Structures are given as structure tokens and as C-alpha cells.
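Colleague: I should like to learn how to read this structure. May we go through its features in turn?

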Amino acid sequence: MKDFIEFCINALKKGGWAPIIVFAIHAVLSRGFSAYAHFPLLDIPMHFIGGIVICYFFWAASKTPNSEIYLGQHTHFSLFVMLMALTAFATIMWEFAEWTRDALTGKTDAMAQVSISDTMADMLLGLVGGAVIALRAAIKHN
Amino acid sequence: MKEFFEFCMYPIKKALWAPAAVFIFYVSVIHLGLSDVVPEWWDIPVHFLGGVTICYLFWTASKAPHAVKFLGQHTRFSLFVLLVALTALAAVLWEIAEWVDDALSNREAQVTVADTICDMFMGLVGGAVVALRAAIKHT
């Protein structure tokens, strides 16, 4: 358990800054400026960047001590597969969170998930962002 | 390339029957007009079974020749993480495929956002059940 907590802390120190910054920007844009209501297309780059930073976080986690216990030992190919899969998992969790938030707040005029197409495009963009970093990680892996 | 082919053929031979059976049932209900016969909530257990069977396929793949090269070397914990994450990837790709199919064929497999989220959730739960079993049985 101590090893796992250490692994999580090291992963957060090494790669946590990226998704935290993007989440903070998202929160400020959303809550502070209602930016997504004024510029709905802003959603597109934000989900792409979201995919990039969450995949970067998992990549950083895969390079921390004891990562082989919690994420396995990888070749170039398997690292790419693992990072893509973890990005997909994070993407689903994000959409769950948005759906839950929409359901709990009940604000029909300020919903995060406006339609199925929007939700699907969000997930696809997240995956594409993740693929960029997963490819880079696989190439740089030794 | 030969190694990759051998790696792919192993789960196809040993475990593809499971997700294929669920897929055939799903497609039959939609395309043969059986949706009037089955209860309204029919897709909930189907998505759960979809998660179970696709995760079973990945678990089998993790035992294939050259699996270390293509899926990595795993402990119990990391195998659980990998299998749940791969199930998530399959769930996302499935929903995107349904979305494209709906757009192309003017059908409505994805009724609402809530339905789609529920589908993915059920798939993940199904995957987690098999991933847990895989992790326990992992040596």
C-alpha cells in the first residue's frame, strides 16, 4: 500500500501538472466566462488538449519508480496500446462525470453534454489527442 | 510481422467466439426487427455481456505467444488495469461506430446521451468482472 501511494505521488509530481493546468483553464473558462456558451467550438481544442495531457500523465506515470508493478513492463508497441487504453478509460470517466454533473444540477440551459454527437466527438478528440502522445511515448521508449 | 500474426491468431481462435456471439445477437435484434419482441431494457445486459466477452478476448490475448511484446509483461494489478482500460477503449470505439452507423443509415441505436453513457458503464462493469478474475488467476 505504501508503494502504491508513493507511486501515485511520484506520478502526480512528474506528470500531474499538465492535466491540472488544463482542468483549471477549463474551469475558469467555463465558470468564470461561460466561454463554452459563447464559443461552442472551444470544446473541440479543449477535448483534444485534454486527451494530450491525460495521456502525458499516464506516460509520466509509466516512467516513475515501481511503475512496472502497477502499469507493467512495456515494449514500444505495448506502451502505445497501454497509453491509448488508459486515455480511453479517462475519456469515459470524464464523460461520466459530465453526465452526472448535468443530471445533478438539472440546468438544461448549461448542459455539458448537449447531444450524442457532441459527446461522441468529445471522446474521439480525446482519443486523437492521446494517440499523438502515445505515439511519441512509443517512439521515445527505451 | 509473423509474430504479430501468431499473437493475433491465438485470441481469435480461442476467444473470438464469445464477442462474436454477442455481436450476432445484437445485430440480429436490430436488423431482423426483433426489437419489438425483446424488452425495452434488452441492451443493458447485452452491453454488460459485451464488456465481459471483449475483456475475455483481451485476457486470452494476454496469454498468447509473444504477448509480452505486444501487451507488455504484467503483475496481477497491472493486468487488471490493462484489461479494464482495453475494455474502455473497445467501449469507446463501439459507441463511435454506432454513432457513425446511425449517421450513415439514419437509424437511432443511440437513443439519448444517458443511454450511451449507461451502455459504456455496463460494458466497463462487465470488463471489470473478467479483469478481476484474470488478475486473481494470473501467475
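Modeller: The dialogue below treats chain A, then the contact between the chains, then chain B.

Modeller: This is a predicted model, in which local features need pLDDT of at least 70 and side-chain atom pairs count only at pLDDT 80 or more, while totals for chains, interfaces and linings use all residues. Residues are numbered from 1 along each chain as its sequence is written, and chains are lettered from A and ligands numbered from 1 in the order in which they are written.

Colleague: How many helices and strands does chain A have?

Modeller: Helices (H or I, at least four residues) and strands (E, at least two) are DSSP runs, numbered from the N terminus. Chain A has seven helices and zero strands. Its C-alpha trace spans about 50 × 30 × 20 Å along the principal axes.

Colleague: What share of the residues in chain A is buried?

Modeller: A residue is buried if 20 or more other C-beta atoms lie within 10 Å of its own, exposed if 12 or fewer, and partly exposed in between, with C-beta atoms placed from the backbone. In chain A, buried residues make up 38% of the 142 residues.

Colleague: How are contacts in chain A spread along the sequence?

Modeller: Two residues are in contact if their C-beta atoms, placed from the backbone, lie within 7 Å. Among contacts in chain A between residues at least 6 apart in sequence, 80% join residues at least 24 apart.

Colleague: How many residues does each chain give to the contact between chain A and chain B?

Modeller: Chain A gives 28 residues and chain B gives 29 residues. On the side of chain A, the elements that give two or more residues are α5 (67-71), α6 (76-105) and α7 (116-140). The largest share of that side, 14 residues, comes from α6(A). For the classes, Ala, Val, Leu, Ile, Met, Phe, Trp, Tyr, Cys and Pro count as nonpolar, Asp, Glu, Lys and Arg as charged, and the others, Gly among them, as polar. By these classes, the side of chain A that touches chain B has 19 nonpolar, eight polar and one charged residue.

Colleague: How should I read the packing of α6(A) with α5(B)?

Modeller: Two packed helices are described by the angle between their axes and the distance between the axes. Axes are lines fitted to C-alpha atoms, for helices over the stretch in contact, and angles run from 0 to 180 degrees between N-to-C directions. The axes of α6(A) and helix α5 (residues 76-105) of chain B come within 7 Å and cross at roughly 65°. Angles under 35 degrees count as roughly parallel, over 145 as roughly antiparallel, 65 to 115 as roughly perpendicular and the rest as oblique. The helices α6(A) and α5(B) are therefore roughly perpendicular to each other.

Colleague: Is the crossing of α6(A) and α5(B) left-handed or right-handed?

Modeller: A crossing is left-handed if the near helix is turned anticlockwise from the far one by less than a right angle, and right-handed if clockwise. Here α6(A) passes α5(B) in a left-handed crossing. Among the residues that make the contact are A:M82, A:L86 and A:F89 of α6(A), with B:L82, B:L86 and B:L89 of α5(B). The contact has 15 nonpolar, one polar and no charged residues.

Colleague: At what angle do α2(B) and α3(B) pack?

Modeller: The angle is about 155°, and the axes are 8 Å apart. The two helices α2(B) and α3(B) are therefore roughly antiparallel to each other, and their crossing is left-handed. The contact includes B:V22 and B:F25 of α2(B), and B:L49 and B:I54 of α3(B). Its residues divide into 10 nonpolar, two polar and no charged.

Colleague: How many residues of α3(B) are buried?

Modeller: The helix is mostly covered, with 15 of its 19 residues buried.

Colleague: Where does B:P39 lie, and is B:P39 buried or exposed?

Modeller: B:P39 lies in the loop between α2 and α3 of chain B. With 9 other C-beta atoms within 10 Å, B:P39 is exposed.

Colleague: Which value of phi does B:H66 have?

Modeller: B:H66 has a positive phi of about 65° although it is not a glycine. The residue B:H66 is found in the loop between α3 and α4 (67-71) of chain B, and B:H66 counts as partly exposed, with 15 C-beta neighbours inside 10 Å.
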